[in-house]
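Biologist: I'm new to this one, so could you walk me through it? Let's start with the charged contacts.

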Amino acid sequence: MVGRHRGTAMLPTIDDIVSNFELLDEWEERYRYLIELGRLMEPLPDEAHNDVNKVQGCASQVWLQTDLDRQDGDPVLHLRGDSDAHIVRGLVALLISLYSGKTAAEALATDALGLFKELGLSEHLTPQRSNGVRSMVERIRRDAQMALAAT
């Protein structure tokens, strides 16, 4: 993919993640895969672990950093993130694979919660973690809306 950002260089594509999820029958295996995805993420620099990047509404500590590039005039999102919880870090990685490299308009049209449902994650996450995922998605959508409004 042209313009692939350094923040997602080590993560598989979202299509590969979905395919891998379909190959894993046991939920223990899927949780391990999520944790592995979190380990594949580029580390978030210490200075990015700040209040601006902190996602409110998550039981765990979560930080999302959104950088923007312009591609044919459209703002393109490049995300990096981190969490202090292994599973949540994997969920952050999943969202980064889903959203990073998309234009702000594409990001707003992306149904992350639908994907989580399709992967069976919705029914296997605690209500607290599901709320945290919603908070992360809302944060990404808000960043995309702000990027569009600034154009």
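Biologist: Which residue forms a salt bridge with Arg80?

Modeller: Keep in mind that this is a predicted model, where local features need pLDDT of at least 70, side-chain atom pairs count only at pLDDT 80 or more, and totals for chains, interfaces and linings use all residues. Residues are numbered from 1 along each chain as its sequence is written, and side-chain values use heavy atoms, with hydrogens and water left out. A salt bridge here is a side-chain nitrogen of Lys or Arg within 4 Å of a carboxyl oxygen of Asp or Glu. With the closest N and O atoms 3.1 Å apart, Arg80's partner is Glu42.

Biologist: How many residues apart in sequence are the parts that this pair ties together?

Modeller: Arg80 lies in strand E2, while Glu42 sits in the loop between H2 and E1 (helices, H or I, of at least four residues and strands, E, of at least two are DSSP runs, numbered from the N terminus). So the pair links parts whose separation in sequence is 38 residues.

Biologist: Is Arg80 buried or exposed?

Modeller: Buried means under 20% relative accessible area, exposed over 50%, and partly exposed in between (1.4 Å probe, protein chains only). Arg80 has a relative accessible area of 9%. By that cut-off, Arg80 is buried.

Biologist: How many of the 10 residues of strand E2 are buried?

Modeller: Strand E2 covers residues 74-83 and is largely enclosed by the rest of the structure. Asp82 counts as buried too, at 13% relative accessibility. For strand E2, the count of buried residues is nine.

Biologist: Over how many bridges do E1 and E2 pair?

Modeller: Two strands pair if DSSP finds at least two bridges between them. E1 (residues 62-71) and E2 form a hairpin with two residues between them, and Asp72 in the turn has a positive phi of about 55°. Val62 stands opposite Ser83 in E2. The pairing is antiparallel, and its bridges number 10.

Biologist: Which residue meets Glu36 in a salt bridge?

Modeller: The two are three residues apart in helix H2, so about one helical turn separates them. Glu36 is partly exposed at 35% relative accessible area, and its partner is exposed at 54%. The side chains meet at 3.8 Å, N to O, and the partner is Arg39.

Biologist: How many salt bridges does a search of the whole structure find?

Modeller: Another one joins Asp82 and Arg89, with the closest N and O atoms 2.2 Å apart. Arg89 counts as buried at 15% relative accessibility. Across the whole structure, the search finds four.
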